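Me: I am new to reading protein structures, and I would like a close look at a single part of this one. Could you take me through the nonpolar core and then relate the rest of the chain to that part?

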Amino acid sequence: MPVMNDEVPDDDDFDAGRQRGEFDRITPEDFIRGAGGGNPPGWLSGERIDQVRGEMPVPYIEVVPVRCDQLGRVTEVGSLLRVRENGSVERTLITGRILFHETIREALARNIGKDLGELALPTLPVDLTPFTVAEFFPTPGISEFYDPRQHAIALCYVVQISGDCKPVDSTLDVEWCGVESDRFDTFIGQMADGHDRIVRRALAWVGA
């Protein structure tokens, strides 16, 4: 079988020795953790990504983390508490860019691990068709989704979390709320810029 676009060949693949240019010595771990003294080929510096954000749409994934009962019914929705650039605290979902040479499935796993920790034990969806696509614009009023930094196109997924979650990276806390709780509307109402609408669409999609 020929190597697909984003596959790093195993040593015993028939074409493992074929030259692939600048990616010859790059492993999957390089794209997840970064390579040695700098970014792998194709990654952008902080300054360059800020420039790109002002010139073109950026692909993102957005995850609604859920807990389910033994019958697979959604019982709780999770959220992250983070400090915004202006110092205020926001309640939001798991979001992140899809990196160059990274599959959507790898982007989901990486961003969930980055925000919930390595023991979150997510069950990634078998079908990678998103339940909705949210278009975030840096200008208020163009759509129901707003991101002051960029024009972002977010593929949205519901992902079941079975393990223990802990705040990592820039996350202050991970909080859960039951979908039948009296405070649920207040809980998701604290999500700004359209993330609350994504949660409502997710629950409608799973029939909760």
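Reply: What follows begins with the chain as a whole, turns to the core, and then moves outward to the pocket and the loops.

Please keep in mind throughout that this is a predicted model. The chain contains 5 helices and 9 strands, and, read along the sequence, these elements follow the pattern α-α-β-β-β-β-α-β-β-β-β-β-α-α. Of its 208 residues, 38% count as buried. If you take the contacts between residues at least 6 apart in sequence, 61% of them join residues at least 24 apart.

Now to the part you asked about. In soluble globular proteins, nonpolar side chains tend to be buried together. Here the largest nonpolar core has 25 residues, and those with the most contacts inside it are Val64, Val77, Phe184, Ile198 and Val199. Both strands and helices contribute to this core: the elements that give two or more residues are the strands β1 (58–68), β2 (74–83), β6 (132–137) and β8 (152–161), together with the helices α4 (184–189) and α5 (195–206). Val199 is a good residue to select in the viewer, and, when residues up to four places away in sequence are not counted, Val199 touches Val77, Leu93, Phe184, Ile188 and Met191. A second core, separate from this one, has 15 residues, including Ile98, Leu108, Leu116 and Ala120.

The cysteines deserve a short look as well. A disulfide is a covalent bond between the sulfur atoms of two cysteines. A search of the whole structure finds 0 of these bonds. Cys156 counts as buried because its relative accessibility is 0%, whereas Cys68, at 23%, counts as partly exposed because buried means under 20% and exposed means over 50%.

From the core we can move to the largest pocket, which has a volume of about 870 Å³. It is lined by 29 residues, and the closest to its centre are Tyr60, Arg82, Glu90, Thr95 and Arg149. The elements that give two or more residues to this lining are β1, β2, β3 (89–92), β4 (94–97), α3 (104–116) and β8. If you compare that list with the one for the largest core, you will find β1, β2 and β8 in both. By class, the lining of the pocket has 9 nonpolar, 7 polar and 13 charged residues.

Three loop residues complete the picture. Glu180 lies in the loop between β9 (171–178) and α4, and Glu180 counts as exposed because its relative accessibility is 71%. Although Glu180 and Glu76 are 104 residues apart in sequence, they are 8.4 Å apart in space, taken from C-alpha to C-alpha.

The other two loop residues stand out for their backbone angles. Most residues other than glycine have a negative phi, and most peptide bonds are trans. His101, in the loop between β4 and α3, has a phi near 70 degrees, which is a positive value in a residue other than glycine. Asp193, in the loop between α4 and α5, has a phi near 65 degrees, again a positive value in a residue other than glycine. His101 counts as partly exposed because its relative accessibility is 23%, and Asp193 counts as partly exposed because its value is 21%. The loop that holds Asp193 therefore joins two helices, α4 and α5, that each give two or more residues to the largest core.

Technical notes
Residues are numbered from 1 along each chain as its sequence is written. This is a predicted model: local features need pLDDT of at least 70, side-chain atom pairs count only at pLDDT 80 or more; totals for chains, interfaces and linings use all residues. Side-chain values use heavy atoms; hydrogens and water are left out. A nonpolar core is a set of buried Ala, Val, Leu, Ile, Met, Phe, Trp, Tyr and Cys residues joined through side-chain atoms within 4.5 Å. Buried means under 20% relative accessible area, exposed over 50%, partly exposed in between (1.4 Å probe, protein chains only). Helices (H or I, at least four residues) and strands (E, at least two) are DSSP runs, numbered from the N terminus. Contact means heavy atoms within 4.5 Å. A disulfide is a pair of cysteine sulfur atoms within 2.5 Å. On a 1 Å grid over the protein atoms alone, a cavity is a set of points where a 1.4 Å probe fits but cannot get out, and a pocket is an open set with protein on both sides within 12 Å along at least five of seven lines; lining residues have an atom within 4 Å of a point. Grid points are joined across faces, edges and corners, and a volume is the space filled by probe spheres set on the points. Ala, Val, Leu, Ile, Met, Phe, Trp, Tyr, Cys and Pro count as nonpolar, Asp, Glu, Lys and Arg as charged, and the others, Gly among them, as polar.
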